[in-house]
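Thanks for coming. I will take one model today, starting from a single residue and working outwards to the pockets. Please have the sequence and the structure open.

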Amino acid sequence: MRVSMEQARRNREQVVETASTLFRRHGFDGVGIAALMKASGLTHGGFYGNFGSKEDLFREAVQSAVRENSNRWADVMSKAPDNPLEALAKFYLGPAHAKSLEKGCAFAALAGDAARKGDDVRRIFDMGIEDHVSTIAACLDGDDGEKRTRALSVLLLLVGGLVLARATADEDLAVELARAAIAAICRT
């Protein structure tokens with residue numbers, strides 16, 4: 001039975017969304033096509049009708065996850081117009097985000113995989129980084145060069161702080177790492 005073009009589009013979006021979640025949770029190599037399609041509620045056979053390879057899907061999933069990051073950041077920052085950077089830091093380095101690997105930051109979850117993939121995936125990261133740096137820089141004072149350098153530092157503190165907080169088994173250390181990063185960001 002053939003599906004409508006609209007249903008095919010929704011199915012493809014469902015696969016990309018599911019892949020984005022599963023890749024962030026398990027990494028690229030931790031997710032097989034059969035498991036991915038099952039989690040999407042679709043048959044394994046439908047995969048190659050939509051994607052040429054798992055790598056093709058990975059590119060779309062990374063792009064989707066980076067876009068999701070950007071939207072989430074804009075939402076968090078818009079709710080705190082007096083201090084959007086502090087609000088972002090507290091959200092991003094907070095325990096809820098730290099524990100939400102599958103719906104959390106694409107940079108923190110997928111940077112290692114992206115570094116081992118082709119230039120297409122790395123360019124998606126490039127564009128995402130530039131977008132996020134621009135968002136941060138818009139909250140800062142100073143000339144453009146200074147704002148960019150400080151915005152890059154904030155992004156590094158956010159992502160690095162989250163990666164290390166997630167990596168430690170010691171919850172007190174994780175909290176300490178997050179607090180230190182937040183304090184450094186608030187001094188920016």
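I start with V66, which counts as buried because its relative accessibility is 7%. Buried means under 20% relative accessible area, exposed means over 50%, and partly exposed lies in between, with a 1.4 Å probe and protein chains only.

Before going on, some housekeeping. This is a predicted model, where local features need pLDDT of at least 70, side-chain atom pairs count only at pLDDT 80 or more, and totals for chains, interfaces and linings use all residues. Residues are numbered from 1 along each chain as its sequence is written, and side-chain values use heavy atoms, with hydrogens and water left out.

Back to V66. The residue is found in helix α4. Helices here are DSSP runs of H or I with at least four residues, strands are runs of E with at least two, and both are numbered from the N terminus. What does V66 touch, not counting residues up to four places away in sequence? The list is A106, F107, G128 and H132. Contact means heavy atoms within 4.5 Å. V66 and D120 are 54 residues apart in sequence, and their C-alpha atoms are 14 Å apart in space.

Now the whole chain. The protein chain has 10 helices and 0 strands. Of its 188 residues, 40% count as buried. The C-alpha trace spans about 60 × 40 × 30 Å along its principal axes. Take the contacts with a separation of 6 or more: 64% of them are between residues 24 or more positions apart. The accessible surface comes to about 10,300 Å², and carbon and sulfur atoms hold 53% of that. Those areas come from the Shrake-Rupley method with a 1.4 Å probe, and for residues only the protein chains shown count as cover.

Next, helix α1. The expected span of a helix is 1.5 Å times one less than its number of residues. For the 22 residues of α1 that gives 32 Å, and the end C-alpha atoms are 31 Å apart, so the two agree. The buried residues of α1 are N11, V15, V16, T18, A19, S20, T21, L22, F23 and R24. Which helices do these buried residues pack against? They pack against α2 (33-40), α4 (54-78) and α7.

One of them is S20, in helix α1 (residues 5-26). S20 counts as buried because its relative accessibility is 2%. Leaving aside neighbours within four places in sequence, S20 is in contact with A61, A65 and E102. Just after α1, G27 takes a positive phi of about 85 degrees.

For a contrast in exposure, look at D119 in helix α8. D119 is partly exposed, because its relative accessible area is 47%. D119 and F23 are 96 residues apart in sequence and 18 Å apart in space, C-alpha to C-alpha.

V154 lies in helix α9. Is V154 buried or exposed? V154 counts as buried, because its relative accessibility is 0%. Not counting residues up to four places away in sequence, V154 touches L85, I136, I185 and T188. The C-alpha atoms of V154 and T188 are separated by 7.6 Å, with their positions 34 residues apart along the chain.

Last, the pockets. The grid has a 1 Å spacing over the protein atoms alone; a pocket is an open set of points where a 1.4 Å probe fits, with protein on both sides within 12 Å along at least five of seven lines, and lining residues have an atom within 4 Å of a point. Grid points are joined across faces, edges and corners, and a volume is the space filled by probe spheres set on the points.

The largest pocket holds about 350 Å³ of space. Of the 17 residues lining it, P95, A98, K99, A174 and V175 are the closest to its centre. Two or more lining residues come from each of α6 (95-99), α9 (144-167) and α10 (171-186). α10 gives the most, with 6 residues. By class, the lining of the largest pocket has 9 nonpolar, 2 polar and 6 charged residues. Nonpolar here means Ala, Val, Leu, Ile, Met, Phe, Trp, Tyr, Cys and Pro; charged means Asp, Glu, Lys and Arg; the others, Gly among them, are polar.

The second largest pocket has a volume of about 160 Å³. Its lining is F107, A111, F125, I129, L152, L155, L156 and V159. α9 gives the most to this lining, with 4 residues. The class count for the second largest pocket is 8 nonpolar, no polar and no charged.
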